[in-house]
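Student: Got a minute to go through this one with me? I'd like to poke around the pocket first and then the inside.

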Amino acid sequence: MHAFAVSGCGIIPKRVSIDDPQIQPLLQAAASFDRTAYGFTPIPRAADVRFESRPTKHYDAMLHIAAKTARTIAFRKTSDRYRWIGEQEIFEGPKEYKTVDGTFREHLCFTYETESISGYPANRLNISYVGEDARLTDRADLRLADVKTILKEWGY
């Protein structure tokens, strides 16, 4: 019962359909971002979509979309609409790596924000890699050109 009350307040992202009318204004705002120019994939029509409607100091609403990739899209509410302020997409690779916390899949994470949400520099594509691929490890300033071939190898 307590979890339901929390979910109803928008703290826990609520599962919705990609066609749900309440998220259409967010998807329209998200269309303002030229995601393909920055290496992001199109928003999939078939996906697990979660809607986070409780404002935080960093954003007013967020969509969590999981399909072949996992992404979050942040929005700021204006007087009459939502404005896209950032997106993060995670591309999983085929290899696993081990840490003291367990075994995980390597991944590339793309982040682009117009406002500070996650601590990355604003208004530029930020790419990070976690894993053991020697082509990518210890690279602090990855560019899209550096990872395009790898994403293709991974099936993206």
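**Pocket, rings and core**

Tutor: Sure. The largest pocket holds about 170 Å³ of space. Keep in mind that this is a predicted model.

Student: OK. Which residues line the largest pocket?

Tutor: The lining is made of Thr 36, Gly 39, Phe 40, Thr 41, Phe 91, Leu 144, Lys 148, Leu 151, Lys 152 and Tyr 156.

Student: And which element gives the largest share of that lining?

Tutor: That's α3, with four residues.

Student: How many of the lining residues are nonpolar, polar or charged?

Tutor: Five are nonpolar, three polar and two charged.

Student: I see some aromatics in there. Which residues do ring pairs link into a cluster?

Tutor: The cluster joins Phe 33, Tyr 38, Phe 40, Trp 84, Phe 91, Phe 110, Tyr 112 and Tyr 156. Phe 40, Phe 91 and Tyr 156 also turn up in the pocket lining.

Student: How many aromatic pairs does the count come to?

Tutor: Eleven aromatic pairs. Take Phe 33 and Tyr 112: their ring centres sit 5.5 Å apart with the planes at 35 degrees, so that pair is tilted. Phe 33 is in the loop between α2 and β2 while Tyr 112 is in strand β6, so the pair ties together parts 79 residues apart in sequence.

Student: Are those two buried or exposed?

Tutor: Phe 33 counts as buried, at 7% relative accessibility. Tyr 112 counts as buried too, at 10%.

Student: What about Tyr 38 and Tyr 112, how are those rings arranged?

Tutor: The centres of Tyr 38 and Tyr 112 are 4.7 Å apart and the planes are at 45 degrees, so this pair is tilted as well. This one also links distant parts of the chain, with Tyr 38 in the loop between α2 and β2 and Tyr 112 in strand β6, 74 residues apart. Tyr 38 itself is partly exposed, with a relative accessible area of 30%.

Student: That loop keeps coming up. Where does Arg 35 sit, and is it buried or exposed?

Tutor: Arg 35 is in the loop between α2 and β2 as well. At 8% relative accessibility it counts as buried, because the cut-off for buried is under 20%.

Student: Huh, a buried arginine. What is Arg 35 in contact with?

Tutor: Leaving aside neighbours within four places in sequence, Arg 35 is in contact with Ala 30, Phe 40, Thr 41, Pro 42, Ile 43, Arg 71, Ile 73, Trp 84 and Glu 87.

Student: Ile 43 is on that list. Where is Ile 43 found, and how accessible is it?

Tutor: Ile 43 is found in the loop between α2 and β2. Its relative accessible area is 23%, so Ile 43 is partly exposed. Outside its neighbours within four places in sequence, Ile 43 is in contact with Ile 18, Leu 27, Ala 30, Arg 35, Ile 65, Arg 71 and Ile 73. For a sense of distance, Ile 43 and Pro 55 are twelve residues apart in sequence and 23 Å apart in space, C-alpha to C-alpha.

Student: Switching to the core. Which residues have the most contacts inside the largest nonpolar core?

Tutor: Leu 63, Phe 75, Leu 108, Phe 110, Ile 127 and Val 147, in a core of 32 residues. The elements that each supply at least two residues include α2, β4, β6 and α3. There's also a second, separate core of five residues, among them Tyr 59, Met 62, Ile 85 and Ile 117.

Student: What does Phe 75 touch?

Tutor: Beyond its neighbours within four places in sequence, its contacts include Leu 26, Ala 29, Ala 30, Leu 63, Tyr 82 and Trp 84. Phe 75 is also in contact with Tyr 59, Met 62 and Ile 85, and those three belong to the second core.

Student: Last thing, backbone oddities. Which residues have a positive phi without being glycine?

Tutor: Asn 123 has a positive phi of about 60 degrees, and so does Asp 138. Asn 123 lies in the loop between β6 and β7, whereas Asp 138 is in the loop between β7 and α3.

Student: Is Asp 138 buried or exposed?

Tutor: Exposed, with a relative accessible area of 81%. Its C-alpha is 9.8 Å from that of Ser 128, ten residues away along the chain.

Methods:
Residues are numbered from 1 along each chain as its sequence is written. This is a predicted model: local features need pLDDT of at least 70, side-chain atom pairs count only at pLDDT 80 or more; totals for chains, interfaces and linings use all residues. Side-chain values use heavy atoms; hydrogens and water are left out. A nonpolar core is a set of buried Ala, Val, Leu, Ile, Met, Phe, Trp, Tyr and Cys residues joined through side-chain atoms within 4.5 Å. Buried means under 20% relative accessible area, exposed over 50%, partly exposed in between (1.4 Å probe, protein chains only). Contact means heavy atoms within 4.5 Å. On a 1 Å grid over the protein atoms alone, a cavity is a set of points where a 1.4 Å probe fits but cannot get out, and a pocket is an open set with protein on both sides within 12 Å along at least five of seven lines; lining residues have an atom within 4 Å of a point. Grid points are joined across faces, edges and corners, and a volume is the space filled by probe spheres set on the points. Ala, Val, Leu, Ile, Met, Phe, Trp, Tyr, Cys and Pro count as nonpolar, Asp, Glu, Lys and Arg as charged, and the others, Gly among them, as polar. Rings of Phe, Tyr and Trp (its six-membered ring) pair if their centres lie within 6.5 Å; planes under 30 degrees apart count as stacked, over 60 as edge-to-face and the rest as tilted.
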